[in-house]
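Here is a short report on one protein chain. Look at the model first, then read on.

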Amino acid sequence: MIKKIAAITMARNDEFFLSRWVKYYGRELGIENLYIILDGTDQDAPKNAKGVNIIKIPHTEMSRAAGDKYRIGKISDLANDLFKKYDIVIGCDSDEFLIVDPNTKTSLAKYLSKLKYRTTVSGLGLDIGQNMNTEKSLNTKKPILEQRGRALLSTRYTKPVVLFRPARWGSGFHSVHGANFHIDKNLYLLHFGAVDMEMLLTKAEKRGPDWVNHLRRRGNGTINLVTKKCAHGETYIKIARIIQRIFRPIYALDKPGMFGLKWVVQIPARFKKTGV
């Protein structure tokens, strides 16, 4: 039996990723099971969001840390309320896509419905970046994975984004308070924040010339790594999953560790089947 599954995100000024978030999770879970909190009453929902549950809240300027805590509090409150009618709740940023390995030949909803974790589960984090030597700026009309081939294996994006019962996420969905950490063997969380340098420069321009100069001078960490480092095959993905399952940083026992290793890998070609 397929369980009732909801997905939540919160966004501000993010039409590009938000519309893709709606398209992907709407296809996987049903458009009526999506919940978007728009940070600002001046914000418009994506054009393809008809049928999505839209919640607008007033925007308040805050420091980054305070804003992160505020946003995750709002999302956790909504998630806990949704458990009155849903069995599973996914929470993630609008540039994050939880996929099930196409080798399973099953949908995300069917796969999650069969899992037996008590509180939460994560997919292995893949931080997708632009290879500046070989990859052009994104064609916004095509799926992203048709245009990008490398990712950084990142503990930062191995997030416990799936809840099976009411709980509270830590800032940025990086942890779940009072819950153990589990990384499923067939789930991946794809992060696209560094997927295009021109896009990053456009965002930086809105924040001021210092941000633009910093990007032009030093680049972006993920983009630099996927451009300069050798890309490994899928064996490294399997090893990284084992490492992150077993090891935890002493300063953050509720998060995965990887000894500071920065492995770049080729994104498995079959992931293109997800349509992301």
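**Helix α1**

In α1, the buried residues are Phe16, Phe17, Leu18, Ser19, Arg20, Trp21, Val22, Tyr24, Tyr25, Gly26, Glu28 and Leu29. Buried means under 20% relative accessible area, exposed means over 50%, and partly exposed lies in between (1.4 Å probe, protein chains only). That makes twelve of the 15 residues of α1, so the helix is mostly covered.

This is a predicted model: local features need pLDDT of at least 70, side-chain atom pairs count only at pLDDT 80 or more, and totals for chains, interfaces and linings use all residues. Residues are numbered from 1 along each chain as its sequence is written, and side-chain values use heavy atoms, with hydrogens and water left out.

Helix α1 covers residues 15–29. Helices (H or I, at least four residues) and strands (E, at least two) are DSSP runs, numbered from the N terminus. From first C-alpha to last, α1 reaches 20 Å, close to the expected 21 Å. The expected span is 1.5 Å times one less than the number of residues. Gly30 follows α1 and has a positive phi, near 100°.

**Rings in and around α1**

A pair of aromatic rings is described by the distance of the centres and the angle of the planes. Rings of Phe, Tyr and Trp (its six-membered ring) pair if their centres lie within 6.5 Å; planes under 30 degrees apart count as stacked, over 60 as edge-to-face and the rest as tilted. By this rule there are twelve aromatic pairs. One of them is Trp21 with Tyr25, a tilted pair with 5.0 Å between centres and 45° between planes. Both residues lie in α1, four residues apart, about one turn of the helix. Trp21 counts as buried because its relative accessibility is 0%. Tyr25 is buried too, at 0%.

Which residues form one aromatic cluster with Trp21 and Tyr25? They are Tyr24, Phe97 and Phe192.

Arg20 also meets a ring: its charged end sits over Phe16, 3.9 Å from the ring centre. Here, a charge sits over a ring if NZ of Lys or CZ of Arg is within 6 Å of the ring centre and within 35 degrees of the ring normal.

**Two positive phi values**

Asn13 and Phe173 each have a positive phi in a residue other than glycine.

| Residue | Phi | Loop between | Relative accessible area |
|---|---|---|---|
| Asn13 | near 55° | β1 (5–11) and α1 | 57%, exposed |
| Phe173 | near 65° | β8 (162–163) and β9 (183–194) | 1%, buried |

**Leu38**

Leu38 lies in strand β2 (residues 34–39). Is Leu38 buried or exposed? Leu38 is buried, because its relative accessible area is 2%. Contact means heavy atoms within 4.5 Å. Leaving aside neighbours within four places in sequence, Leu38 has contacts including Ala11, Leu18, Ile54 and Ile57. Leu38 and Glu96 are 58 residues apart in sequence and 16 Å apart in space, C-alpha to C-alpha.

**The whole chain**

The chain has seven helices and ten strands. Its radius of gyration is 18 Å, close to the 19 Å that the globule rule gives for 276 residues, so the chain is as compact as a globular protein of that length. The radius is taken over C-alpha atoms, and the rule is 2.2 Å times the number of residues to the power 0.38. Of the 276 residues, 56% count as buried. Among contacts between residues at least 6 apart in sequence, 73% join residues at least 24 apart.
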